[in-house]
Amino acid sequence: MSQQKDKPNDRKAERLLKEAAEAARAEETLIATRKAKAARLRARGENPFANDVTTGEPLTDLAAVRARFDGARAAAEPRPEGAAPERAAAPAADRYDPARVEPIPFRVAGRVLFVRSFGGVTFVRLRDRTGELQLYCEQGSLADFERLEDVDLGDFVEAHGVAMATQKGELSIRAGRLRLLTKAYRPLPTKTSFKDVESRYRMRYVDLVANPHVAGVFRARTAIVAALREFLDARGFLEVETPTMHTLVGGAAAKPFKTHHNALDLELFMRIAPELFLKRLVVGGFERVYEIARCYRNEGLSTRHNPEFTMLEYYQAYATYETLMDATEAMLRHVDARLAERLPAEHAAWAAQRTFSLDRFARVPMAEGIARALERSGLPADVPQRVAADDAPIKEWARAAKASGREIDWANFRAGAKKCESPGELVFCAYEYVVEPFLTRDYRTEAGDKSVPVFIIDYPFEVSPLARKKDSDPSLVDRFELFIDGRELCNAFSELNDPEDQDARFRAQVAKKSRGEEETMDYDADYVRALEHGLPPTAGFGMGIDRLTMLLTGATSIRDVILFPLLRPEASAADT
């Protein structure tokens, strides 16, 4: 019986292997054909990989050509009711009046997206960094018209010609001369063929061409970083660079990557955060300082975590965590507004899909959030303590919570609670399982249609080894984390500037490490010495650039906003 069941699977595997082999042979044939065209060019004394485009008249960006004729756009004509639209016509917004497009000469260049021939006319679609435009290549007007046979999809070409609009209103360049600049040996995928997620991440250079919306996300990322710099620079912050290789693990509780310096025979750690170096600079008099820092954490992969990531950290003297909450609201609104200015069409599409609003932010103390969540779940206030003590009617509580629409992960809640070594750690554990998963449900706009950003404030000091204790309650620290659309985005706190307190907390971290915990910090004697020289009252802020880009562009995975995310090595032919 088992052999009979295996037969369909065997046939499917055999079919897939056959299809893959046929596709590989077809691609090899296509590559050979394109290489033959390159050889033909060389035989004519032409270079299929030219590098002399800077000579002669300057190139004009394709968007600049369109901008030159903004006033020549045709008025949209009403279509008779029931009439089918012209398939070959340009979109109404991009239709131009042929009589109003002056025959101004241009020199343009770009990648060939498609080639379509109709008798003595060939249409070539080009794309450059600014947009797309059509070349109108007519036999009799284009020198060496037959050379178009050497042009394939994906090639880069340059053209000299004059502006025109076709009868259907497509703005074009009537090419008088056309030259191949770079021959692409491999074909571009079609718009529907390049959808495999891993292939897209692995061959981002193809993804950016085949899926134009992807390029929009990365242009957005650049605009976001520029807006962050603009916001901080305007407020007197100084951008700096600090070491990416450290002799100690510090700045956050995370497992580091290790490396080795041969000349010094020294074990080093790739930084997990720039925090301790930036605060040394505040001690030195740089009272407002920031870094857009590449960081590395040797932890798991997920839709929100990549081992290599980018974060913004800034530190402001004579400020508190409350100061930074106000600044964070202003900063995020500023960045979103700049994004709308830089990429208006893309931003409008992203904003229309958002399930959150940036108009109002909630501020919720952690203990208060737990109390509210337990009440909404129909659970008693002493749930955390009873879960940790194994005195919990989990089934009964699970039914009550489920009746209120809350699915709590009781198994992991109990496992985490049992590992807690202090009341503060237990509070944080309860928050992670009872509050955080339901933030988007519990904190909404007045209309109830969207979630609002939530600042969770006043953390237990046991889970915040670098934050300053609250004057009103030393069991807590002046800290916040910001959650938007259910994702943690920012972490900030009033900085600990008491060297003796910092010394004790470093020692507590070392004790945890000695008990086998990996995500702990080392004792940093030099940092304690820096604090002994005096750190003014200071507040510090950290935010993931990748997560911010995800948030504002609607990306569901961090790999969608990192150009070259970490992947397993690609399987070779020998492996298969």
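User: What is a nonpolar core, and which helix gives the most to the largest one in this predicted model?
Analyst: A nonpolar core is a set of buried Ala, Val, Leu, Ile, Met, Phe, Trp, Tyr and Cys residues joined through side-chain atoms within 4.5 Å. In this predicted model, the largest such core has 48 residues, and those with the most contacts inside it are Leu312, Phe480, Phe541 and Met543. With nine residues, the element that gives the most to this core is helix H5 (residues 212-233).

User: Which residues of helix H5 and which of the core residues with the most contacts does Leu312 touch?
Analyst: Neighbours within four places in sequence are left aside here. Among the contacts of Leu312 are Tyr290, Ile292 and Met331. Helix H5 spans residues 212-233, and Phe541 and Met543 are among the core residues with the most contacts. The contacts of Leu312 asked for are therefore Leu228, Leu232, Phe541 and Met543.

User: Are helices H6 and H16 roughly parallel or roughly antiparallel?
Analyst: H6 (residues 275-283) and H16 (residues 525-532) pack with their axes 9 Å apart, at an angle of about 25°. Angles under 35 degrees count as roughly parallel. The two helices, H6 and H16, are therefore roughly parallel.

User: Is Asp458, which has a positive phi, buried or exposed?
Analyst: Asp458 is a residue other than glycine with phi near 60°, and it lies in strand E13 (residues 454-460). Its relative accessible area is 13%, and under 20% means buried. Asp458 is therefore buried.

Note on methods: Residues numbered from 1 in each chain as written. Predicted model: local features only at pLDDT ≥ 70, side-chain atom pairs only at ≥ 80, totals over all residues. Heavy atoms only, no water. Buried < 20%, exposed > 50% of the residue type's maximum accessible area, 1.4 Å probe, protein only. Helix = DSSP H or I, 4+ residues; strand = E, 2+ residues; numbered from the N terminus. Contact = heavy atoms within 4.5 Å. Axes fitted to C-alpha atoms, helices over the stretch in contact; angles between N-to-C directions. Parallel < 35°, antiparallel > 145°, perpendicular 65-115°, else oblique.
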